[in-house]
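Me: I am new to this structure and would like a close look at one small part of it before anything else. Please start from a single residue, explain where it sits, and then work outwards to its surroundings and to the rest of the assembly.

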Amino acid sequence: MTPPPPPSSGSVAAMIRPTPQLGDSQINRDVMSVFMERPGLGWLLLLGLCLAGLGAGAVTWIYQIYKGLGIAGYAHPIFWGAYIVTFVFWVGIAHAGTLISAILYLFRAKWRNAINRSAEAMTIFAVFTAQLFLGIHVGRIWKAYFILPYPNQRALWVNFKSPLLWDTFAISTYTLISIIFFYVGLLPDLAIARDRSTGWRKVLYGALSLGWQGTARQWKSHTRTTLHLSGLATPLVLSVHSVVSWDFAMSIVPGWHATIFAPYFVAGAIFSGFAMVLTVMIPVRRIFGLEHIITNYHFENMCRFLLLTSLIVGYAYGIEYFIAWYSGVEAERTSFWLRAFGPYWISTWTMIICNGVVPQIFWFKWARTHIPTIFVVSTLINIGMWFERYVIIITSLSREYVPAVWGHYMVSIPELLIVIGSFCFFSTLFLVFLKLFPVIPISEVKELEIHARSHAHGAHSEAH
Amino acid sequence: MPTLVGVFDSPLDVAETVKRLKGRGFAKLEVYSPAPFEEVEQAVDPKPSRVRLFTLIGGLLGVATGYAMTIWMSLDWPIVIGGKPFAAIPPYTVIAFELTILFGGIFTLLGLLAVGRLPTLRLDPAYSARFSGDEFGVAVEVPERDVAEVDGLMRAHHAKEVNLVPA
Amino acid sequence: MPELDRREFLKVVGASAGAAATAACSDPVDKLIPYLIQPEEITPGIPVFYASTCLECSAGCGLHVKTREGRPIKLEGNPDHPVNRGALCALGQASIGRTYHPDRFPGPMRRGPDGRLAPISWDEAIALLAAELKKAGNRTWMLGGETGPTASALIDRWIEAVGAGGRVVYEPFAPEALVSASRTLFGVASEPVFDLSGADLVIDFGSDFLESGLSPTEHARQLAAARDAGAEQGRRMRLVYVGPRLSLTGSNADEWLAAKPGTEGLLALALAQVALAEGGGTEAARAALSGALARYDAASVAAITGVSAETITRIGRALARAKAPVALPPGAALASRRATATCGAVLLLDWALGAVGKSVKCPPDDGRRRPSYRETLALVDQMKTGKVGVLLIHGANPVYSLPPAAGFVEALAQVPFVVSFASTPDETSAHAHLVLPDLTPLESWGDASPRPGVRSLVQPTVRPLRDGRALVDTLLDAGRAMGGEVAARLPEGSFRNLLEQAWRDSGVDFVQALARGGVFEEVRHASVSLATDSLQLEVVEPLLEGEGEWALLAFPSPLLHDGRGADLPWLQEIGDPVTKITWSSWAEISPRTAEKLGVSYGDVIAVETVAGALEVPVFPRGGVRDDVIAIAVGQGHTVGRWASRSGERRGVNVIEVLPSLTDESGGRAWLVAKARARKTGGFFRFAIAQQSQDQRGRRLGLAVPLAAFTGGAPPATENGWAGATGAAIAGGAARPHGGEQHDEPGAAAAEGHGEAHAHSVIKPFDPAKDSAPESAYRWGMTIDVDRCTGCSACVAACYIENNVPVVGEEQVRSGRHMAWLRIERWIGDGSLEGGEHPWNPVVPDDGGPAPDVRHVPQLCQHCGAAPCEPVCPVIATYHSDEGLNGMIYNRCIGTRYCSNNCPYKVRRFNWYDFHVEGWPEPMPLMLNPDVTVRGQGVMEKCTFCVQRVAAARQTAKDEGRPIADGEVTTACAQACPTEAIRFGNLRDPESAVVKKSADPVRSYHALHELNTRPAITYLAQVKRGPVEG
């Protein structure tokens, strides 16, 4: 899309012709190389692996639809199992992205630039994955559309009093807003890619970038848009996991019916989200050699966040038990007693150790800056957070008001396959993303660089 | 009228140049920058962006829709549920809130597109790929006779080069 | 108006659908053509009831067979019938399955050379049988269960016509000892008839009259009447249970005397001795017996029986004071080799107390053939020695129910030609050379006379689904086919004609009798007097064969009876009322025994007797003596779709380890063997329907002490619903709330418990308010825990009324059984410790001397503020105008949130296409057309039998009046023998439910503190406590 060379002087044209390599910014080249170059063998192998797992999960799901939910490990009265556990887990993961982009943006925490693009992508993919489970969980997926308030002449509307419907609205809103946020942020970078690519990529980026040229007016409204979206996304991100927590808190199940659930879940979500970002970004940074863009400084800040949220979550664990005891309600007490010392004690202690104890290591700077440690800890946190949901859902349901129908639930093989499949689904999307879009928000990083650079220059020009 | 495109390295120079040009009365100018810069935007157009208007409308529309839809649907065929009132405001607030965000967000995006004049099918002839690198471009339409002067003005403000894009 | 159009449309659809449905009816071949000429008694969509008789046991309850478009869909009790008065037990309810059993013999079958049964035509079969009969001549023998009087007479006539050797009547649990005892004592060889309704002190010496006794349904009704809590002030009847194991009957007793098994007779005599010494009983008795009974003094008897002398004296005194005491003699479980003496001793006690002639009637012998174990064994001997050419087996499964020690199977091998009349394959028919399938009771004619004065009819209600033929008709045909003088000696006509003839001859209006179900009159029995030689009874402790520290107690299964119920899926799935174990066998041992053997719940032990050994998982419970291992009879089949694990043995058949022995008078003895036991190391995961019998002090099953009635006005409460009061009393009586327990989770909850209900945790509410203001109805229910015996008849009724599928052992194991109504069995108020055995439902204490077992039916409470409703995203469950908690199957998407939020956990989910797998052909024919069959992936639950409400509303509407009280009732309430469940309109101040739930002391709501505003009001059990001396 270069302008036609003027008839008068040939030099002009030469000078304006796009020259991607020469005269292009370092950051552009670094980031472009990540997603423009042909995928390496490692990437392909990884993708193959994920697709295999995804396939296995998909087949299992189809079989489940055909045969019935009985193939899952459900036992009366535990009617919610690994599917809902994993659903909540993924919704939790989905919180890091928006948090980093929106909240840290409002706090003007510049260090977010290095990671917010991949975090946002992660958010979107995590929400997709989470939504899968709503379909996998229900008994009659072929009637699942009943949950939408679509017009029908029989005046059959939905029940807006049900937390599950709040969920439907919250999750779908969150998905849309996250996509918008992601896209708006991506817009300038797409233009960069457009200007430096050829073939199908050029067409793709050309279309996606909507002819962005980075004019002053565009930048101004872009900044404003980002600000507003952040303003909207911040309460949204807090609301979404609150609503998810109300799926439990609004019920009368001992162990669920607690006012602390909303903040407890939100903190947990941020906790697990950050952990997931670390678990994913550490290898990515390594593989694509982005050490000078995503520096240990970024990781250290993330670790600080982990420490903070870990403390909040740990506090929530404690207060749950205290209230159970303080309430004097026998059902509550029994439920929590059996959480820790009943048949599910393993899950409970896994959760407490992984989420409450292990992250305390980040009090020490060496731990916050030692990458292998960070990787291990963040992975442990992911495991712990999955078990947190498992404990909350399974143990509470298994020991309710009527001891006659206490039950015991064990995850079945099909459930396991589907859960694994969901992780592969997520990874597949992320791998594709790595090869399609810039992992680093180029223009934001650039903004900082140019600022830094033009200072000296600026001073010089003032003196002039 | 031909267009002169000055290529700059520093946003400060760009801002300065723009001010001068405007002072000289060259209103038809466009600045291309690789990243957002307060000073540049101020120089080009000091008025705040109108995107916020869209957000406001969207949000209000959302909250209204939220309550209206939930209440109407509950009363269209009233059914007793758990001994609660047909139209129960507290639970419906959740829906209303979510819709506020949803509509607000969508309208903001529309705002960006409308105000930012997007999408456009073809790029300006003055636009160059280097402006999505780390260089700035100031494109200004000038009558033939003023070309030399503007060229000088730009170079005076550390324009690396000044090129002519004929009309 | 769209609605109107829709209605019109639905009417049309309904009509045509109805017409189509009628097609398939009384003909198993599904042809979708409407009646050309409609039978005038059938209106499509309207059920027709036929009076008949239940032939599952010897009680002979009257039936109302509910048929729709020519198909029986449910069995209900005949309200006019004196035995059951409209109620029907679980076995009776489930017996409808015999007619629709998928594995019924398609027609006559002959065993070919390859050892397989191959179908043949009836003509061939009859010819073949005739030929064999000719050949065998008087070497022809007949072995079978009890038949009705007419059939019995005809069979006898046939036997002497064809010159057969004779016949033997065989019933595993027949009360032979009781009959011979009655003969010895009073000179009348018949089963005494016990009437508890007027009694004020009942001592059951292990007859288990509520589960496997002479007439369970009748006796349950009488018991409830006798100790009606409503009339508590007037009558305060007590039930004392004597036996080594706290059976279902025992769990309903006020006091449990765990006497050493077999010593019941001694105990009875000791009680008689004390009672007479205390000046109780009749003059005659004191004169005749005082001397003879002297040696049975409390002290010495206490030494043998293990019941303390104080207890004996105390109860003896109570008997002396009692106005109308009744003692029930032991049943099969305790039939030792001294059974006759034991029964005699108990009857003697009755006589001494003057009960004989009043509550205990000894009718004259009606002369019908009675079962005899001695004769059975004699026949087996003849078979062994090849003296039997043809053996005809009907209405019995001796291969299963005779101990191998009797050598029946070997003997059978000696019989050249064995004919079985079984309608479905069983262990015995597997040995038959010829199978001539009998019709099921629902397809055949017949009659029964459970006791003098009660003659009831059996009439067919459906055309035979398979090509079977009535037993008597087959015999007659065979006889006629033998031609010559044999044919001449046989009566003309079919069994039906002969039956009608016989009834008409006895001066009965047959048609009227058919309509009523029989002829019922009160006969006055001549009073009996004590025979002089009766004191020759040798009442001593019986010997048990073999070595070992445990006595092996083989007791009749409450649901499967002697195993005849094992192939009726509902009975397998409902599970044992005491342990709640389904689809399998278990051994009941005491916690101390378990400790000694080093086993706990589910561990497999090897039980070894002189006759053999078997391996069975244990269920330790407090309700068993330390020297007893109790195993139920009824499981362990190797044939049968549900009775066996697809050909493999299901559970164990305890009969196989019992030596074949008789009592003094030749009756079958069951309590005969000692057993050794050892741990095998194996573990069996029970498919159990109740995870814990410990209610942890939660407000599920409450009890109030008698003091609550006698202590004047109940403690005041600001709570309009006195449930709180009951709770406070129950809680207070249960345990003193010590503050020191506080650090233990739950303990303080008990505190909160006791107090909470005095405080305002519970909001008073009026369930009648919870329906549309303009509606005339708010359907509600009262469940009287004091009346509920746990017999599970309601559960069976619910299964069949509501097309609830049976899901099988593996699904039950993960708690996926679909029962809409379950009976929870709670031991007292329950412990309050936080810890628990995740897999162990057993609570060590099962009652002790004063058992506190509460049977609490649990079903959808149809709450006014139902927690399940607000959480459903698609309004698949909602509150109807008449106060029902509705479930809309075709709107449900299966989020299962409703079940999570249901505190009572009464919702069930269709994990698979249960309605396909659960109803193999031709069972779909017995589905209730008024109830939707639920598909995969939807939630379901109790509907308060909304289809019945709808039917009643229709009639009421036609007659332009509101539905009257008692006009509509649920299947569970209908089946209940004790009227523990009442259903009605809470908006009708005159209705029974309103009156009952107004009980100031006993009424409470389950988990009231959750404020779900249930429509079901429970009435707390009354703790009467041990008998006062």
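Reply: A good place to start is C:Ile875, which lies in the loop between α28 and β34 of chain C. What you have in front of you is a predicted model, and everything that follows should be read with that in mind. The backbone at C:Ile875 has a positive phi of about 55°, although the residue is not a glycine.

The surroundings of this loop lead directly to another chain. Between chain C and chain B, 8 residues of chain C are in contact with 6 residues of chain B, and the area buried between the two chains is about 540 Å², with carbon and sulfur atoms giving 72% of it. C:Ile875 has a prominent part here: together with C:Pro870 and C:His879, C:Ile875 supplies 55% of the area that chain C buries against chain B, which is more than any other three residues supply. The elements on either side of the loop take part as well, since α28 (868-871) and β34 (877-879) of chain C each supply at least two residues of the side that touches chain B. By class, that side of chain C divides into 5 nonpolar, 2 polar and 1 charged residues. As for specific pairs between chain C and chain B, there are 0 salt bridges, while 2 residue pairs are found in polar contact across the interface.

To put this contact into context, it helps to turn to the interface that chain B makes with chain A. There, 70 residues of chain A are in contact with 75 residues of chain B, and about 6,400 Å² are buried between them, of which carbon and sulfur atoms give 68%. The three residues that supply more of the area chain A buries than any other three are A:Lys161, A:Gln213 and A:Lys220, and their share is 12%. Between chain A and chain B the count of salt bridges is 0, whereas the count of residue pairs in polar contact is 22. Four helices of chain A, namely α1 (10-16), α7 (163-195), α9 (216-249) and α17 (442-463), each supply at least two residues of the side that touches chain B. Of the elements of chain A, α9(A) gives the most to that side, with 18 residues. Sorted by class, the side of chain A that touches chain B has 34 nonpolar, 24 polar and 12 charged residues.

Chain A itself is built from 17 helices and 0 strands, and its C-alpha trace spans about 95 × 55 × 45 Å along the principal axes. With 464 residues, a compact globule would have a radius of gyration near 23 Å, and the 25 Å of chain A agrees with this. One backbone detail in chain A is a cis peptide bond between A:His76 and A:Pro77, with omega about 5°; A:Pro77 is placed in the loop between α3 (41-67) and α4 (82-93) of chain A. Chain B also has a cis peptide bond, which joins B:Leu118 and B:Pro119 with omega about -10°, and B:Pro119 belongs to the loop between α4 (89-115) and β3 (136-141) of chain B.

Returning to chain C, other parts of the chain show how its strands are arranged. An open sheet of 4 strands runs in the order β38-β31-β40-β39, with mixed pairing. Strands β38 (981-985) and β39 (1003-1004) of chain C stand at its edges, each with a single partner strand, so one side of each is left without a neighbour in the sheet. Within this sheet, β31 (residues 779-784) and β40 (residues 1016-1019) of chain C pair in the parallel sense over 4 bridges, and C:Met781 has C:Ile1016 in β40(C) as its bridge partner. Elsewhere in chain C, strand β28 (residues 674-683) runs antiparallel to β20 (residues 550-556), to which 2 bridges join it, and C:Trp550 is bridged to C:Ala675. Strand β28(C) also runs antiparallel to β23 (residues 603-609) of chain C, with 5 bridges between them, and here C:Ile605 stands opposite C:Lys679.

Finally, a search of the whole structure finds 79 salt bridges over all chains. One salt bridge links C:Lys260 to C:Glu541, with the closest N and O atoms 2.6 Å apart. C:Lys260 lies in the loop between β11 (255-257) and α9 (264-277) of chain C, and C:Glu541 in the loop between β19 (518-520) and β20 of chain C, so the pair ties together parts that are 281 residues apart in sequence.

Technical notes
Residues numbered from 1 in each chain as written. Chains lettered and ligands numbered in written order. Predicted model: local features only at pLDDT ≥ 70, side-chain atom pairs only at ≥ 80, totals over all residues. Heavy atoms only, no water. Pairing = 2+ DSSP bridges. Contact = heavy atoms within 4.5 Å. Buried area = accessible area lost by both parts, 1.4 Å probe. Salt bridge = Lys/Arg side-chain N within 4 Å of Asp/Glu carboxyl O. Polar contact = N/O pair within 3.5 Å; in protein donor to acceptor, adjacent residues only side chain to side chain. Nonpolar A, V, L, I, M, F, W, Y, C, P; charged D, E, K, R; others polar. Rg over C-alpha atoms; globule rule 2.2 N^0.38 Å.
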